[in-house]
Amino acid sequence: MSKISVFSFFSGSGLLDLGFEDAGLETVFVNEYHKPFLDAYKYARNNIGYKEPKYGYSESDINNYLAKENQKFFIDAINKEHSLNRIIGFIGGPPCPDFSVGGKNRGRHGDNGKLSEIYIDLVCSLKPDFVLFENVKGLWRTKRHREFYEEIKTKLQNSGYVTTEKLVNSIEFGAPQDRDRILLFSIRKEILSNINQINSFDWDKSKIYDKKNIFSLPWPKTNKFGKKINKPDGLPEELMIDHWFKKNNVLNHPNAKDHFQPRSGLIRFQTIDEGDVSKKSYKRLHRYRYSPTAAYGNNEVHLHPTKERRISVSEALSIQSLPKEFVLPPEMSLTNKFKTIGNGVPYLLSKGIANSIKDFITKVEKG
């Protein structure tokens with residue numbers, strides 16, 4: 001099959017991109033407006049040993065790319081990749097708090113909400129071979145936002161793309177957290193032998209679990225904090241927090257000591273039961289269960305299952321199913337570390353979707 005070159009937007013610290021690269025796609029351009037995130041992207045990439053993207057890193061506001069005079073860079077890069085017989089893809093998840101039920105909920109008119117439309121407008125202008133759009137389920141499921149989502153799809157279809165979508169949960173791909181995401185994949189019509197080929201796009205290619213079955217299992221509820229408990233039988237160990245903490249050796253990870261120190265309220269840390277995630281904040285994870293969605297903004301606080309503290313950066317990275325080699329820079333602020341982790345797409349979900357895209361393009365090329 002043809003090699004696939006990926007232009008990444010709203011890249012954060014590279015969680016989505018890492019999954020795509022480990023699935024065999026090449027990231028050739030990276031755009032991230034927030035400098036601390038972009039610096040972390042470069043640091044983590046260098047630490048793992050990946051080469052730099054051939055067209056570099058950009059800290060530009062994506063709005064700037066809509067100006068025709070600023071698009072020559074992309075046109076030249078896309079033409080060059082096409083001359084190498086490569087398939088060109090744009091991937092990105094515009095910031096989502098304006099569509100999140102637990103976020104600002106300002107929708108398409110919010111500062112972040114507007115970025116989704118700008119991203120799609122850029123796609124329609126530059127016309128890469130395919131595009132992946134990722135966002136929170138609130139954009140797709142909430143009535144007031146669904147109209148905007150359908151407009152985005154229509155805009156893509158009117159620009160010569162055919163689309164397919166899926167609401168997926170990270171736990172289905174082996175990440176130890178309950179995290180829903182809406183994914184929209186679009187590909188140019190002329191690449192397909194007929195538009196019905198889009199129906200063969202297999203979103204489930206890399207799925208390991210069925211979420212209904214997983215969530216129906218008798219997972220432990222709560223235990224008194226500090227109590228010694230045995231690991232329950234008959235549950236998938238690889239979805240447990242304890243498994244991932246051990247797998248990533250989180251206590252010896254470079255980011256192991258990166259956690260917020262409580263200025264007060266230690267007693268509160270001691271009184272919350274293990275596994276009590278009933279409140280919006282101060283949720284204590286259960287060592288033998290998966291985590292709630294790994295969103296660490298908006299005063300969302302996750303407590304360590306057995307220790308009197310919040311979880312560390314290394315522990316949060318493991319909950320995002322990242323390989324232990326993924327490290328955030330020591331000089332990055334704790335706030336930015338947790339924000340970029342929470343904003344990112346779980347690694348195993350990313351890799352699974354990348355495999356679906358790669359498999360689909362292979363089928364398309366075979367006709």
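This is a short talk through the strands, one helix, the salt bridges and a few backbone details of the structure above.

Hi everyone, and thanks for coming. Please keep in mind that this is a predicted model.

Let's begin with the sheet. Seven strands make it up, in the order β3-β2-β1-β4-β5-β8-β6. The sheet is open, and its pairing is mixed. Which strands sit at the edges? They are β3 and β6, the latter covering residues 161–169, and each of them pairs on one side only. For anyone new to sheets, strands pair through backbone hydrogen bonds, and they can do so parallel or antiparallel.

Now let's walk along part of that order, starting with β1. On one side, β1 runs parallel to β2, and five bridges join the two. If you want a residue pair to look for, find V6, whose bridge partner in β2 is T27. Between these two strands the chain passes through α1, and this β-α-β crossover is right-handed. β1 also runs parallel to β4, this time with six bridges. Here you can look for S8, whose bridge partner in β4 is I91.

Next comes β2 itself, residues 26–31. How many of its six residues are buried? Six of the six are, so the strand is largely enclosed by the rest of the structure. β2 also pairs with β3, residues 57–58, in the parallel sense and over two bridges. In that pairing, V30 stands opposite Y57 of β3. Another right-handed β-α-β unit appears here, made of β2, helix α2 (residues 35–48) and β3.

Let's stay with β2 a moment longer, since one of its residues takes us to the salt bridges. The structure holds 30 salt bridges. In one of them, the side chains of R86 and E26 meet at 2.8 Å, N to O. R86 is in the loop between α3 and β4 while E26 is in β2, so this pair links distant parts of the chain, 60 residues apart. Buried or exposed, what are these two? R86 is buried, and E26 is buried too. They also belong to a network of salt bridges that links E26, K51, K54, E81 and R86.

Two more salt bridges are worth finding on your screen. The side chains of D180 and K211 meet at 3.6 Å, N to O. D180 lies in strand β8 (residues 180–188) and K211 in helix α7 (residues 211–215), so this contact ties together parts 31 residues apart in sequence. D180 and K211 are both buried. Then there is E300 with K283, where the closest N and O atoms are 3.2 Å apart. E300 lies in the loop between β10 and β11 and K283 in strand β9 (residues 283–284), so parts 17 residues apart in sequence are tied together. Again, both E300 and K283 are buried.

Now let's look at helix α3. With 12 residues at 1.5 Å a residue, α3 should span 16 Å, and its end C-alpha atoms are indeed 16 Å apart, which agrees. Which residues of α3 are buried? They are F74, A77, I78 and E81. These residues cover an arc of only 100° around the axis, which puts them on the same side of α3. The general idea is that an α-helix has 3.6 residues a turn, so residues three or four places apart point the same way. On the other side of α3, K72 and S83 are exposed. And remember E81 from the salt-bridge network, where it is linked with E26, K51, K54 and R86.

Just after α3 we meet N85, which takes a positive phi of about 60°. That brings me to my last topic, positive phi values. F10 has one of about 55°, although F10 is not a glycine. Its place is the loop between β1 and α1. With 17% relative accessibility, F10 counts as buried, because the cut-off is under 20%. S321 is another residue other than glycine with a positive phi, near 60°. You will find S321 in the loop between α10 and α11. Its relative accessible area is 2%, so S321 is buried.

To recap, please take away the seven-stranded open sheet with its mixed pairing, the enclosed strand β2, and the salt bridge between R86 and E26. Thanks for listening!

Methods:
Residues numbered from 1 in each chain as written. Predicted model: local features only at pLDDT ≥ 70, side-chain atom pairs only at ≥ 80, totals over all residues. Heavy atoms only, no water. Helix = DSSP H or I, 4+ residues; strand = E, 2+ residues; numbered from the N terminus. Buried < 20%, exposed > 50% of the residue type's maximum accessible area, 1.4 Å probe, protein only. Pairing = 2+ DSSP bridges. Right-handed = clockwise from strand over helix to strand, strands pointing away. Salt bridge = Lys/Arg side-chain N within 4 Å of Asp/Glu carboxyl O. Expected span 1.5 Å × (residues − 1). Arc of directions from axis to C-beta.
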